[in-house]
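Reader: I should like to learn how to read the architecture of a model such as this one. Please take me through the sheet, the helices and the core in turn.

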Amino acid sequence: MTRTFSPKASEIQREWVVIDATDVVLGRLASHTAAILRGKNKPTFAPHVDTGDFVIIVNADKVALTGQKALKKKAYRHSGYPGGLKAVSYSELLEKNPVRAVEKAVRGMLPKNSIGRSQLRKLKVYTGSEHPHAAQQPKPYTFDQVAQ
């Protein structure tokens with residue numbers, strides 16, 4: 001009788017992946033990043049265990065939005081107080097804080113529980129092309145289709 005394989009936390013091999021976000025559509029970038037953070041690209045994937053890799057995103061300020069999303073799409077946040085809802089357009093958000101825009105897109109595609117929060121901690125986003133994780137020897141990740 002064969003048993004179902006369930007990965008243990010001590011057996012997980014984590015790698016580092018670097019993604020260049022230059023001219024990549026934000027949603028496509030977020031979905032690929034979320035899949036890597038969850039570990040869905042590995043044969044040992046299990047939804048109840050964090051099997052994903054670390055992801056470094058560089059050039060977050062050069063990410064693309066299709067159509068008129070830069071003007072019409074809003075990013076919301078709430079202070080927790082009554083009437084504390086704040087809205088800002090994505091063009092303004094990408095201009096002021098592109099790291100927050102990318103993190104917000106990836107956070108929306110991860111599970112809304114403790115495993116999702118631990119997976120989000122493995123995401124490192126930088127606006128320039130430099131990152132301080134060269135010692136981890138990250139492997140470059142390429143998209144199949146970038147041009148839209």
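Reader: Which residue in β6 does I19 stand opposite?

Author: Strands of a sheet pair through backbone hydrogen bonds, either parallel or antiparallel. In this predicted model, I19 stands opposite Y141 of β6. The strands β1 and β6 run parallel and are joined by three bridges.

Reader: What is the order of the strands in the open sheet?

Author: The sheet has four strands in the order β5-β2-β1-β6, and the pairing is parallel. Its edge strands are β5 and β6 (139-141), each of which pairs on one side only. On average, neighbouring strands are turned by 25° against each other, with direction ignored.

Reader: Which strands does α1 lie across?

Author: Helix α1 lies across β1, β2, β5 and β6, and runs at about 155° to β2. Helix α4 also packs on the sheet, where α4 touches β2 and β5. The direction of α4 makes about 155° with that of β5.

Reader: How should one read α1 itself, and which of its residues are buried?

Author: An α-helix has 3.6 residues a turn, so residues three or four places apart point the same way. In α1, the buried residues are L26, L29, A30, T33, A34, I36, L37 and R38. The helix has 13 residues and reaches 18 Å from its first C-alpha to its last, close to the 18 Å expected at 1.5 Å a residue. After α1 comes G39, with a positive phi near 90°.

Reader: T33 is found in helix α1. Why is T33 described as buried?

Author: The term is applied to residues with under 20% relative accessible area. T33 is called buried because its relative accessible area is 0%. Leaving aside residues up to four places away in sequence, T33 touches I19, V55, I57, V106 and L123.

Reader: Which residues touch the most other members of the largest nonpolar core?

Author: They are I19, L29, I57 and V102, in a core of 28 residues. Two or more residues come from each of β1 (16-20), α1 (26-38), β2 (54-58), α3 (90-96), α4 (98-107) and β5 (123-125). The largest share, six residues, is that of α1.

Reader: What does I57 touch?

Author: Again not counting residues up to four places away in sequence, I57 touches I19, A21, L29, T33, V102, L123, K124, V125 and Y126. Among these contacts of I57 are I19, L29 and V102, which are named with I57 as touching the most other members of the core.

Methods:
Residues numbered from 1 in each chain as written. Predicted model: local features only at pLDDT ≥ 70, side-chain atom pairs only at ≥ 80, totals over all residues. Heavy atoms only, no water. Core = buried A, V, L, I, M, F, W, Y, C linked by side-chain atoms within 4.5 Å. Buried < 20%, exposed > 50% of the residue type's maximum accessible area, 1.4 Å probe, protein only. Contact = heavy atoms within 4.5 Å. Expected span 1.5 Å × (residues − 1). Pairing = 2+ DSSP bridges. Axes fitted to C-alpha atoms, helices over the stretch in contact; angles between N-to-C directions.
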